[in-house]
Amino acid sequence: IVAEFSQLMSADLMRSFYSGLDVHLPNKILLWLDANDSHQNCFFKGMSKDSYSFLKLCEPTDKIEDFLRGIHMDILIVSEELREDVFPKEINEISPILEECQVLTDISDVPKAFGLLMGLLYASNIDYPKHI
């Protein structure tokens, strides 16, 4: 994906994606401390549901095939510690989803998964969905 994007755009996919994050992220996300756990990062508090609707969270015990049904394009995060308002500290798996399929596995972090998904969409000439 990275090589295809580089060939099409003459640019490094991940470097340009991370540079864009560095510019825009501080203005978009605020971090709060959870009243119950001062070390817990409350990533989702104060954000509208649309701001992170591209993230699908499930537990390792969920059947992935059933969970992916109906998902056009998102990022799957598998974790044992799911809470609606907190981003999990321990993540078992991160995977971009395209047309109900995990297109890549063993991604190390969410920004990398998102950047690779955007590169895949661009290289495949697929329209970005509005929720992303």
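So, four helices and six strands: the secondary structure of this protein comes to 4 helices and 6 strands. Bear in mind as I go that this is a predicted model. If you walk along the sequence, the pattern you meet is α-α-β-β-β-α-β-β-β-α.

A few overall numbers, then. The protein has 132 residues, and buried ones make up 34% of them. It exposes about 8400 Å², with carbon and sulfur atoms supplying 51% of that. And if you take the contacts with a separation of 6 or more, 42% of them are between residues 24 or more positions apart.

Okay, the sheet. Which strands are in it, and in what order? There are 4 strands, in the order β3-β4-β5-β6, and the sheet is open with mixed pairing. On the edges you have β3, residues 55-58, and β6, residues 101-102, and each of those pairs on one side only. As a quick reminder, strands in a sheet pair through backbone hydrogen bonds, and they can do that parallel or antiparallel.

Let's go across it strand by strand. β3 and β4 run parallel, joined by 4 bridges. If you want a spot to look at there, find Lys56: its bridge partner in β4 is Leu76.

Next step over, β4 to β5. These two run antiparallel, and here we have 6 bridges. Ile75 stands opposite Pro96 in β5, and Asp74 has Ile97 as its bridge partner in β5.

Last step, β5 to β6. The pairing is antiparallel again, over 2 bridges. Ile97 has Gln102 as its bridge partner in β6, while Leu98 stands opposite Cys101 in β6. So Ile97 turns up twice in this tour, with Asp74 as one partner and Gln102 as another. β5 and β6 make a hairpin with 2 residues between them, and in the turn Glu99 has a positive phi of about 55°.

Now, what about burial in those strands? How many of the residues in β4 are buried? The count is 6 of its 6 residues. You can see that on both faces: Met73, Ile75 and Ile77 are buried on one side, and Asp74, Leu76 and Val78 are buried on the other. β5 is mostly covered too, with 5 of its 6 residues buried.

Something has to sit over that sheet, and one element to look at is α4. This helix lies across β3, β4 and β5, and it runs at about 155° to β4.

That takes us to the nonpolar cores. The largest one has 21 residues, and the members that touch the most others are Leu55, Ile75, Ile94, Val110, Phe114, Leu117 and Leu121. Who contributes to this core? At least two residues each come from α2 (13-28), β4 (73-78), β5 and α4 (110-123). The largest share is from α4, with 8 residues. Apart from that core there's another one, of 7 residues, and Leu68, Ile71, Val78 and Ile97 are among them.

Let me zoom in on one residue, Ser95. You'll find it in strand β5, residues 93-98. Is Ser95 buried or exposed? Ser95 counts as buried, because its relative accessibility is 0%, and the cut-off for buried is under 20%. What does its side chain reach? There's a polar contact with the side chain of Gln102, at 3.3 Å, and the Ser95 side chain also reaches the backbone oxygen of Leu104, at 2.5 Å. If you leave aside the neighbours within four places in sequence, Ser95 is in contact with Asp74, Ile75, Leu76, Gln102, Val103, Leu104 and Thr105. Of those, Asp74, Ile75 and Leu76 are buried β4 residues.

To finish, a look at the other end of the chain. Met9 has its place in helix α1, residues 2-9. Met9 is partly exposed, since its relative accessible area is 37%. How far apart in space are Met9 and Tyr122? C-alpha to C-alpha they're 9.7 Å apart, although 113 residues separate them in sequence.

So, if you open the model after this, try Ser95 in β5 as a place to begin, then follow the strand order β3-β4-β5-β6 and look for α4 lying across β3, β4 and β5.

Methods:
Residues numbered from 1 in each chain as written. Predicted model: local features only at pLDDT ≥ 70, side-chain atom pairs only at ≥ 80, totals over all residues. Heavy atoms only, no water. Buried < 20%, exposed > 50% of the residue type's maximum accessible area, 1.4 Å probe, protein only. Polar contact = N/O pair within 3.5 Å; in protein donor to acceptor, adjacent residues only side chain to side chain. Contact = heavy atoms within 4.5 Å. Areas by Shrake-Rupley, 256 points an atom, 1.4 Å probe, with all protein chains shown as cover. Core = buried A, V, L, I, M, F, W, Y, C linked by side-chain atoms within 4.5 Å. Pairing = 2+ DSSP bridges. Axes fitted to C-alpha atoms, helices over the stretch in contact; angles between N-to-C directions.
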